[in-house]
Amino acid sequence: MVGHSMGGAIAIHAGVKNLIPSLIGLIVIDVVEGTALDALQSMQSFLRGRPKQFKSLEYAIEWAVKSGQIRNIESAKVSMIGQLKRLQGLEALSLESCTPSFSAHEDVIREEPDEGQSADSTNSQEIESSVPYTWRVNLSKTEKFWKGWFQGMSNLFLSNIVPKMLVLAGVDRLDRDLTIGQMQGKFQMQVLPQCGHAVHEDQPKMVADALATFMLRHRFTEALSDFERPFPSC
């Protein structure tokens with residue numbers, strides 16, 4: 001089972017509670033109790049600082065990359081779509097006050113109208129594309145649950161009896177319990193360079209290689225070809 005950030009916390013709790021009896025391994029990506037709890041203090045400010053609406057998916061993708069949320073534009077083109085929904089009815093009328101101050105980037109591929117397509121059909125598509133997007137989930141409303149997701153998480157992670165790996169964007173993210181646990185060999189740690197918090201999006205190939213190496217090391221699977229293990233792992 002693999003989980004990133006809050007998803008990592010969910011994976012840890014699911015493992016401890018034995019909610020998946022067939023679980024054989026646990027991989028958590030860039031979430032540590034200490035730094036997560038510290039970050040909660042500024043989470044509301046971060047959420048207030050995000051654009052509330054986007055004029056198009058292209059604007060949203062551009063914002064994600066330019067703001068540093070995701071460093072890989074190809075990944076942003078995939079992941080941002082699932083985080084947004086198109087506004088309906090009166091909600092769509094507030095676009096002017098909430099549009100981000102970016103110009104759409106040129107990397108977006110726009111579809112050309114089919115031959116024989118009527119002008120009315122083209123105009124209809126243009127009107128539809130002007131309807132703004134907003135965040136699918138209002139994270140601010142979940143604030144009362146935030147501490148419960150992360151409190152005690154490090155010890156819960158260490159208490160999982162299956163083989164474990166922690167993938168981080170930097171060693172400075174380790175808290176005291178995990179530092180001790182890592183020194184005692186209770187889990188495998190992999191630090192990947194040139195990543196932000198969205199490690200699996202910024203460096204998808206490196207994360208895939210790390211996961212494959214972990215699975216081969218614990219004999220969860222066998223390599224189908226001459227797979228070279230690129231990471232020494234800690």
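A residue is called buried when its relative accessible area is under 20%, exposed when this is over 50%, and partly exposed in between, using a 1.4 Å probe and protein chains only. The structure described here is a predicted model, in which local features need pLDDT of at least 70 and side-chain atom pairs count only at pLDDT 80 or more, while totals for chains, interfaces and linings use all residues. Residues are numbered from 1 along each chain as its sequence is written, and side-chain values use heavy atoms, with hydrogens and water left out.

A good place to start is with the charged pairs. A salt bridge here is a side-chain nitrogen of Lys or Arg within 4 Å of a carboxyl oxygen of Asp or Glu, and the count by this rule is 4. One of them joins Lys66 to Glu62, at 2.8 Å from N to O. Both residues belong to helix 4 (residues 57–66), where they sit 4 residues apart, about one turn of the helix; helices (H or I, at least four residues) and strands (E, at least two) are DSSP runs, numbered from the N terminus. Glu62 is buried, with a relative accessible area of 3%, whereas Lys66 is exposed at 57%. A salt bridge also links Lys77 and Glu74, whose closest N and O atoms are 3.7 Å apart. Lys77 is partly exposed, at 23% relative accessible area.

Next comes the sheet. Its 4 strands form an open sheet in the order 1-2-6-7, with parallel pairing; two strands pair if DSSP finds at least two bridges between them. Strand 1 (2–4) and strand 7 (188–191) are the edge strands, each pairing on one side only. Strand 6 (residues 164–168) is joined to strand 7 by 4 bridges, and Leu166 has Met189 in strand 7 as its bridge partner.

Leu166 also leads to the empty space, being one of the residues that line the largest cavity, as are Ile12, Val28 and Phe157. On a 1 Å grid over the protein atoms alone, a cavity is a set of points where a 1.4 Å probe fits but cannot get out, and a pocket is an open set with protein on both sides within 12 Å along at least five of seven lines; lining residues have an atom within 4 Å of a point. Grid points are joined across faces, edges and corners, and a volume is the space filled by probe spheres set on the points. The largest cavity has a volume of about 50 Å³. The largest pocket holds about 1,300 Å³ of space, and among its 37 lining residues His4, Ser5, Met43, Leu139 and His197 lie nearest its centre.
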